[in-house]
Amino acid sequence: MAATVQADDLVEYGFRRVIITITAVMCALLEIVDTTIVNVALTNMRGSLGATLTDVAWVITAYAIANVIVIPMTSWLSQQFGRRNYFAVSIIIFTVSSFLCGNASNIWELVAFRFVQGLGGGALLVTAQTIITESYPVAKRGMAQAIYGMGVIVGPTLGPPLGGYLVDHFSWPYIFYINIPLGIIATILTLSFVKSPKYGEKLKASQVDWWGIFFLASFIGSLQFVLEHGQQDDWFNDSLITTLSIVFVVGLLAFIWRELTYKHPIVNLSVLKDGNLRIGIVMCFILGFGLYGSTLVIPIYTQQTLGWTATDAGLLLIPGSLTTAFLMPIIGKMIQNGVPQGYMVGVGFVIFFFFTFSMRNLMTVDTGTEHMFWPLILRGIGLGLLFVPITTLSLSTLKGKNIGEGAAFTGMMRQLGGSFGIAIITTFITRFTQKHRVDLVSHLDGSRLEVQQRIALLQKGFMSKGFSPNQALDKAHQVLDYSVMKQATVMSYMDIFMYLGVMFLCCIPIIFLIKRGKNKVNPADAMH
């Protein structure tokens, strides 16, 4: 089989297309699941590797930084090495580093191998999207995006329950070992079935945009670190955060200058002249913000406030994700039939607003699974109406290899949107909680009869367990303070959902800026 073929020959039919689709979705799922699967294993990692909470947080940070560095370069790297070869090598890197992560003997070994794993994983996400879309005829491009979207949307939700199950029944290395058999199968299938487009002449080593790569890595890596660690390090009161913020600004400006002036840029910024792509990457950013932000808040709320296990918290999100997966082919068919993507995005924003509004109104310290079921179904419908239409309209007025370069931008902005969302939400949870606690304490007047009765009742309860009157009184005050803190935290979550909803409502007018392009873009021209 020829490694490189003409773009028109990339469309597959029957069994071959099914195998290629399964391979690409599997790889996208592997990458996405690994962004969230480690969250529930951090405590176990700390214990077995003797690491601090700050150290173990690098297991997440290193992977995220590597991801966002490599995603913008996927188009260029595919053209240099051939898409099939680049995709296969990325799977091998991801699989081997997964094995090394599971065998790490200390925290910094694990962090280093997670970074390498992120370099391989970042390439899987965007390249899988192009491989799927190129394998389908032009008329079925919307359906191809829908199939890819199932992996991207369902992946973040599968991570926590899968990680919780593996940690509870085995041990934390198995969250990495589970990638090995899947990676081996994906590598074999890729080398056997995936084909590469025919590319132009490769660059010589002296022509490679090494400065562009350096500036890209410096500004993206610095930004990702600041977003991941800003809250816990007290933002600009920390010298490292301040320094890296300066590196981000300088690196970004240098990168833009380099890419606009160099003959062979690592990232083609001229593709951003397309109006629909600019609108699309803004909406991808908002989508990432809402997707990863809500995926963060709900497990924290259910585990810390309601006392659920990590597995139960993860399972809560699955019905909504299955709803999204069910809707994806339907939405793909609607796009295929000519339904304007802008209308679908507008409806998606409205539905996501109703989800956030519902969550805000039902959150208490005693909320049950049955209360959150339908709001999370709404979330699944909203995400389904957003992901595929946003992706397709972003690329709808691009041609040739610009489609692949545009897809890399949408993937990067979705990831950055998630990073911004997590950083901003964790910051505001802390600040809103402090504000609400102060407000609640100011209304907790010790001279009021009901407050005195509550303290007396608690004191008697502790005295009945053998505590002295003074000890019992101290514990009664601690219980009261804990109750206030718990209520303040719930109120902060309510605020977060309110502001998320307002943000999505404010995005609706953006859809009126969309230009009607040829809805059926030829994805076979997307080369990365």
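**View 1. A salt bridge within helix H17, between Lys-435 and Asp-439.** In this predicted model, Lys-435 and Asp-439 form a salt bridge whose closest N and O atoms are 3.4 Å apart. Both residues belong to helix H17, which covers residues 402–442, and they are 4 residues apart, about one turn of the helix. An α-helix has 3.6 residues a turn, so residues three or four places apart point the same way. Lys-435 is partly exposed, because its relative accessible area of 48% falls between the limits of 20% and 50%. Asp-439 is likewise partly exposed, with a relative accessible area of 33%.

**View 2. A salt bridge between helices H1 and H6, formed by Asp-34 and Arg-114.** The structure holds 2 salt bridges, and in the one shown here the closest N and O atoms of Asp-34 and Arg-114 are 3.6 Å apart. This pair links distant parts of the chain, since Asp-34 lies in helix H1 (residues 14–36) and Arg-114 in helix H6, 80 residues apart. Asp-34 and Arg-114 are both buried. Side chains of opposite charge can pair when their charged atoms come close.

**View 3. The packing of helix H5 against helix H6.** The two helices, H5 (83–102) and H6 (107–134), pack at an angle of about 145°, and their axes are 8 Å apart. The crossing in which H5 passes H6 is left-handed. Sorted by class, the residues in the contact of H5 with H6 are 14 nonpolar, 8 polar and 3 charged.

**View 4. A nonpolar patch on the surface, with residues from H5 and H6.** Val-89, Ile-93, Phe-115, Val-116 and Leu-119 make up this surface patch, and together they have about 340 Å² of accessible area. Helix H5 and helix H6 are the elements that give two or more residues to the patch, and H6 gives the most, with 3 residues. One of the patch residues is Val-116, which lies in helix H6 and is partly exposed, with a relative accessible area of 34%.

**View 5. Asn-103 in the loop between H5 and H6.** The loop that joins these two helices contains Asn-103, which counts as partly exposed because its relative accessibility is 40%, between the limits of 20% and 50%. Asn-103 and Tyr-174 are 71 residues apart in sequence, while their C-alpha atoms are 10.0 Å apart in space.

**View 6. Helix H4, largely enclosed by the rest of the structure.** Helix H4 runs over residues 74–81, and 7 of its 8 residues are buried, so the helix is largely enclosed by the rest of the structure. The buried residues in H4 are Thr-74, Ser-75, Trp-76, Leu-77, Ser-78, Gln-79 and Gln-80. Just after H4 comes Gly-82, which takes a positive phi of about 90°.

**View 7. Val-208 in the loop between strand E2 and helix H10.** Val-208 has its place in the loop that runs between strand E2 (196–197) and helix H10 (210–229). This valine, Val-208, counts as buried because its relative accessibility is 8%, under the limit of 20%. Measuring from C-alpha to C-alpha, Val-208 and Pro-265 are 8.0 Å apart in space, although they are 57 residues apart in sequence.

Notes. Residues numbered from 1 in each chain as written. Predicted model: local features only at pLDDT ≥ 70, side-chain atom pairs only at ≥ 80, totals over all residues. Heavy atoms only, no water. Patch = residues over 30% accessible without salt bridge, like charges linked within 9 Å, V, L, I, M, F, W, Y side chains within 5 Å. Areas by Shrake-Rupley, 256 points an atom, 1.4 Å probe, with all protein chains shown as cover. Salt bridge = Lys/Arg side-chain N within 4 Å of Asp/Glu carboxyl O. Buried < 20%, exposed > 50% of the residue type's maximum accessible area, 1.4 Å probe, protein only. Axes fitted to C-alpha atoms, helices over the stretch in contact; angles between N-to-C directions. Left-handed = near helix turned anticlockwise from the far one by under 90°. Nonpolar A, V, L, I, M, F, W, Y, C, P; charged D, E, K, R; others polar.
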